[in-house]
Amino acid sequence: EQPGGEHEQGMGMKRPAEEDYNSNVHAKRSRDENGDGGPQLTLRFLLQSKDAGGIIGKAGSNVKRLRSEYKAVVNVPDTNSPERVLTITAAQE
């Protein structure tokens, strides 16, 4: 094993992603382009990396639902650190 590898830090191997959960990160819209010109709300959550899969959902179901129901931009970056920052941006209703 390499020094500082995942196994030495107590982190298990991640299963391969079936979909890129950050696929619409670059599709962010400005306030004038989101359809109604209304304000946007951005939420950021600090998660344990080991819990990120439960937030993403099976086959990305929770992320897909946020994107379709709320036209949200959802970012769950992959990282080797013990924490991740989940970012959700959507029009404020």
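This note sets out several points on the predicted model shown above.

1. Overall architecture. The protein contains two helices and three strands. Read from the N terminus, these elements follow the order β-α-α-β-β. Among contacts with a separation of 6 or more, 64% join residues that lie 24 or more positions apart.

2. Surface and burial. The accessible surface of the protein amounts to about 6,800 Å². Carbon and sulfur atoms account for 50% of that surface. Of the 93 residues, 27% count as buried.

3. The largest nonpolar core. Nine residues make up this core: Leu47, Ile56, Val63, Ala72, Val74, Val76, Leu86, Ile88 and Ala90. Strand S3 supplies the largest share of the core, namely three residues.

4. Leucine 86. Leucine 86 is one of the residues of the largest nonpolar core. When its neighbours within four places in sequence are set aside, its contacts are Leu43, Arg44, Phe45, Leu47, Ile55, Val74, Asn75 and Val76. Among these contacts, Leu47, Val74 and Val76 also belong to the largest nonpolar core. Leu43 and Phe45, likewise in contact with leucine 86, are part of a nonpolar patch on the surface.

5. The surface patch. Leu41, Leu43 and Phe45 form this nonpolar patch, and together they expose about 240 Å² of accessible area. Leucine 41 lies in strand S1, which spans residues 40-48. Leucine 41 is classed as partly exposed because its relative accessibility is 40%, a value between the 20% and 50% limits.

6. The salt bridge. The structure holds one salt bridge. In it, the side chains of aspartate 78 and arginine 84 meet at 3.3 Å, N to O. The pair is also listed as a polar contact between the two side chains, again at 3.3 Å.

7. Burial of the two partners. Which of the two classes, buried or exposed, applies to arginine 84? Arginine 84 has a relative accessible area of 9%, under the 20% limit, and therefore counts as buried. Aspartate 78, in turn, counts as exposed because its relative accessibility of 59% is over 50%. The salt bridge thus has aspartate 78 as its exposed partner and arginine 84 as its buried partner.

8. Position of arginine 84. Arginine 84 is found in strand S3, residues 83-91. Strand S3 is also the element that gives three residues to the largest nonpolar core. A reader inspecting this strand may therefore wish to view arginine 84, with its 9% relative accessible area, alongside that core.

How values were computed. Residues are numbered from 1 along each chain as its sequence is written. This is a predicted model: local features need pLDDT of at least 70, side-chain atom pairs count only at pLDDT 80 or more; totals for chains, interfaces and linings use all residues. Side-chain values use heavy atoms; hydrogens and water are left out. Helices (H or I, at least four residues) and strands (E, at least two) are DSSP runs, numbered from the N terminus. Buried means under 20% relative accessible area, exposed over 50%, partly exposed in between (1.4 Å probe, protein chains only). A polar contact is a pair of N or O atoms within 3.5 Å; within protein, one must be able to donate a hydrogen and the other to accept it, and residues adjacent in sequence count only if both atoms are side-chain atoms. Patches are made of residues with over 30% relative accessible area and no salt bridge: like charges are joined within 9 Å, nonpolar side chains (Val, Leu, Ile, Met, Phe, Trp, Tyr) within 5 Å. Accessible areas come from the Shrake-Rupley method with a 1.4 Å probe; for residues, only the protein chains shown count as cover. A salt bridge is a side-chain nitrogen of Lys or Arg within 4 Å of a carboxyl oxygen of Asp or Glu. Contact means heavy atoms within 4.5 Å. A nonpolar core is a set of buried Ala, Val, Leu, Ile, Met, Phe, Trp, Tyr and Cys residues joined through side-chain atoms within 4.5 Å.
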